[in-house]
Amino acid sequence: MRIALIGAGSWGTAVAGLAAAGADEVSVWAHEPAVAAGINDAHRNPSYLTDYDLPANVVASSVLERALDGADGIIFATPSAHLRAVARDAADWIGRDTPILCLAKGIEADTGLLMTEILGEELGHPERIAALSGPNHAEEVCRGSLSAAVIAAEDAAVAEFFKAVLNAPAFRVYVSHDVVGVEMCGAAKNVIAIICGIAAGSGLGDNTLALIMTRGLAEISRLTHARGGDPMTCMGLAGMGDLVATCTSEHSRNRMFGVAFAEGVTLEEYQRRRHMVVEGAAAAVSVSALARSLGVDAPLTFALDHALWHGGSISEALERLTDRIPTSEFYGIDE
């Protein structure tokens, strides 16, 4: 079995290592030729997880056609902002029946589409496209720390295919049919993580962080329900599990950006310093737009969008939240 993995960032690198145990060969596409050369020559990614030794059956190329040639399954691990362009470039070399797994998390700003929906538009046959999400920091997965994820697909056979590739003693894979719910959780949780970081960087305590995470989960559940997903999915690995990990961990670029933002660091400066995209910053825009189009109340997301992109201050964002009158705890879900 040959698995093509499109994208060689931190998460793509860690998943390449996982897939190597369930496949004869994992062919990684790296945008930078130097990254592909490093993987082939030294079995290490010279840009991400640089001390992680990749298995010998992981190979790399900076040419999409070469990486995709003969693939029995394809995993997309590109950043959400680049997913459509990369998928479009790859379309000519992907068979109509080849199962596809999407690791990218987000909502496309202009269309409101989820990542699997973008792949469906560009590659066709959306029933063969699955999504993976869960509380998985690449730094811990590559060290073999016990982790778990959920794979959602319309076709159960597609979910089971990728489960067989990725499931391992230290990486437990569950399956679901709720693609929309799993993706909505993955897209919205980064927004809440930035807000938790801002709260921590502003000196607020554990009570506040618990409040933000809990109300954030309710916000995600309302969005998921309105988008056609199952709110119960938000109680699982893709929802609560990923939210807790992303909102509390030092590995979370979204949370750590929030801390830095509270200390006066701009988004541009932070991304330049870390050489990483803060997915939650873009998600604040796209999730806000989706919430408004669906008529969903999303006060946390609206507050972050205002603070990051519309000149609002942190104090204003906090005031916007604390001035709200509490209502039924599960409004927008139990109606």
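I began with the overall dimensions of this predicted model: for 335 residues a compact globule would have a radius of gyration near 20 Å, and I find 19 Å for the chain, which agrees. Taken along the principal axes, the box filled by the C-alpha atoms comes to roughly 55 × 40 × 35 Å.

I then looked up the secondary structure, and noted 15 helices and eight strands for the chain.

Next I turned to burial and contacts. I noted that 54% of the 335 residues count as buried, and that, when I take contacts between residues at least 6 apart in sequence, 68% of them join residues at least 24 apart.

For the surface, I have an accessible area of about 14,300 Å² for the chain, with 53% of that area belonging to carbon and sulfur atoms.

I also looked up the charged side chains, and entered 23 positive and 42 negative ones, with the centres of the two sets lying 3 Å apart.

Last, I went to a single element, helix α7, which runs over residues 156-166. Which of its residues are buried? I listed Val 158, Ala 159, Phe 162, Val 165 and Leu 166. These buried residues lie on the same side of α7, because they cover an arc of only 125° around the axis. On the face of α7 turned away from that buried side I found the exposed residues Ala 156, Ala 157 and Ala 164. I therefore keep α7 in the notebook as a helix with its buried residues gathered on the same side, within an arc of only 125°, and with Ala 156, Ala 157 and Ala 164 exposed on the face turned away.

Note on methods:
Residues numbered from 1 in each chain as written. Predicted model: local features only at pLDDT ≥ 70, side-chain atom pairs only at ≥ 80, totals over all residues. Heavy atoms only, no water. Helix = DSSP H or I, 4+ residues; strand = E, 2+ residues; numbered from the N terminus. Rg over C-alpha atoms; globule rule 2.2 N^0.38 Å. Buried < 20%, exposed > 50% of the residue type's maximum accessible area, 1.4 Å probe, protein only. Contact = heavy atoms within 4.5 Å. Areas by Shrake-Rupley, 256 points an atom, 1.4 Å probe, with all protein chains shown as cover. Lys, Arg positive; Asp, Glu negative; His and termini not counted. Charge placed at Lys NZ, Arg CZ, Asp CG, Glu CD. Arc of directions from axis to C-beta.
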